[in-house]
Amino acid sequence: MKAWILEDAKKLKMQEFPPTEIKEDEIKVKVEEVLLSNFDYEVYSGASKRKYPFILGRYAVGVVSQVGDPENTFFQKMDRVAIEPYVFCEECAECKKERYDHCANMQELGYNTDGLLRNFADLHYSQLHRLPDSLSNDKALYVSQVAFCLNVVDALNLEKGRHIAIFSSSKTGLILAQLIAYYQAVPVLISDRQELLQAARELGIFYNFDVAKTDVEKELTLITGGRKCSEIIYCSNGDFNFKDIYDVAATNANICLAGYSNRESKISVAQICKKHLNIFGVYNGAGSYSSAINMLVTGTVNVDPLMGKQINFDRFDAEMAAIKLDDLYLKSPVIKIN
């Protein structure tokens with residue numbers, strides 16, 4: 001097995017390991033493509049601290065190479081699969097209630113345990129999702145992100161016709177906007193990135209505002225007839241002023257803090273109490289992978305504008321050194337593993 005090891009911030013080294021034996025409940029997957037995410041870059045750069053050495057890579061697709069127990073896992077050699085990065089403890093109270101997305105001791109590949117930037121990975125069969133022939137590997141790389149966005153939408157209990165404000169600096173906002181429109185609510189994308197807003201317009205997201213050039217409260221008040229927004233999504237890897245979020249929130253609004261972030265933000269207890277706001281977090285896509293695959297197969301979510309350049313696995317260290325975080329907010333490079 002070959003893997004890129006992050007030995008320190010911005011210091012990568014290719015390392016080879018001897019072949020491994022898989023357990024009965026495991027499947028050996030030949031990893032074919034890995035999607036480079038904003039979070040991968042933050043770990044690589046040292047902005048998000050991890051214990052070294054560490055293997056990057058949260059989102060990947062591959063082909064089944066070996067099955068530990070073919071009779072009971074229903075996978076066969078050469079099956080194409082999307083890899084779910086979540087590993088549940090099966091022991092906490094939430095797992096026993098089958099609320100795996102709330103697992104108290106969840107491990108996530110590429111986040112708090114070694115990731116998928118390697119040519120082979122031994123994985124529990126529950127982490128794999130068979131891909132239909134009609135879904136390309138490049139699009140299947142977005143299954144995890146679509147699953148995450150589905151969990152955000154589910155947590156909001158959307159009502160038809162409601163205006164949903166999305167504060168986002170990254171491609172997650174585009175996926176959320178498409179899903180919200182599919183469920184017949186009205187997405188309002190608020191961003192600080194012109195390339196994201198332009199992509200939103202090209203995808204048919206009618207309401208999209210530049211937070212630096214727009215009076216967000218005034219616009220939301222106008223388009224909602226003074227009601228403002230009862231549901232707001234704040235993608236937590238952004239750097240928005242929380243005042244804008246309070247200003248567009250209706251009384252009793254639900255505010256979802258979506259995703260991972262290393263940023264510290266000051267939240268106004270006075271505003272939360274005054275408007276009776278309900279604030280909660282969603283940070284993974286556990287339980288929604290089958291639905292996410294269907295959304296991509298049917299074209300409900302179009303990820304074509306999000307696809308970046310291809311990177312050769314053997315030259316990953318050199319190509320990674322040339323990438324900047326700003327390059328990743330809209331498009332994600334794809335690492336091809338031979």
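# Exercises on pockets, cavities and helix α8

The lining of the largest pocket comprises five nonpolar, four polar and five charged residues. The structure examined here is a predicted model.

**Exercise 1.** Characterise the largest pocket by its volume and by the residues nearest its centre.

*Solution.* Step one concerns volume: the largest pocket encloses about 290 Å³ of space. Step two concerns the lining, to which 14 residues contribute. Nearest the centre of this pocket lie Glu84, Phe88, Glu90, Tyr100 and Ser126.

**Exercise 2.** Determine how many cavities of 30 Å³ or more the structure holds, and describe the lining of the largest cavity.

*Solution.* The structure holds two cavities of 30 Å³ or more. The largest cavity has a volume of about 380 Å³, and 23 residues line it. Closest to the centre of the largest cavity are Arg58, Tyr59, Thr172, Asn237 and Tyr260. Next, consider the secondary structure: α1 (38-45) and α5 (143-156) each contribute at least two lining residues to this cavity. Finally, sorting the lining by class gives eight nonpolar, eleven polar and four charged residues.

**Exercise 3.** Identify the residues that line the second largest cavity, and state which element gives the most to this lining.

*Solution.* The second largest cavity holds about 40 Å³ of space. Its lining consists of Tyr59, Ala60, Val61, Ala82, Ile83, Ala140, Leu141, Val143, Ser144 and Tyr289. At least two lining residues come from each of β4 (59-67), β5 (80-83) and α5. Of the elements, β4 gives the most, with three residues. By class, the lining of the second largest cavity has nine nonpolar residues, one polar residue and no charged residue.

**Exercise 4.** Establish which residues of helix α8 (residues 216-223) are buried, and explain why they line one face of the helix.

*Solution.* Apply the cut-off first: a residue counts as buried under 20% relative accessible area, and as exposed over 50%. In α8, Val216, Leu220 and Ile223 are buried. Viewed down the axis of α8, the buried residues fall within an arc of 70 degrees, and therefore they line one face of the helix. Turn next to the face directed away from the buried side, which carries the exposed residues Lys218 and Leu222. The cover over the buried residues of α8 includes the strands β10 (163-167), β11 (186-191), β12 (207-210) and β13 (229-235), together with the helix α9 (242-248). As a last step, inspect the residues that follow: just after α8, Gly225 adopts a positive phi of about 65 degrees.

Note on methods. Residues numbered from 1 in each chain as written. Predicted model: local features only at pLDDT ≥ 70, side-chain atom pairs only at ≥ 80, totals over all residues. Heavy atoms only, no water. Buried < 20%, exposed > 50% of the residue type's maximum accessible area, 1.4 Å probe, protein only. Helix = DSSP H or I, 4+ residues; strand = E, 2+ residues; numbered from the N terminus. Arc of directions from axis to C-beta. Contact = heavy atoms within 4.5 Å. 1 Å grid on protein atoms, 1.4 Å probe; cavity = no way out; pocket = protein on both sides within 12 Å on 5 of 7 lines; lining within 4 Å. Points joined across faces, edges and corners; volume = space filled by probe spheres on them. Nonpolar A, V, L, I, M, F, W, Y, C, P; charged D, E, K, R; others polar.
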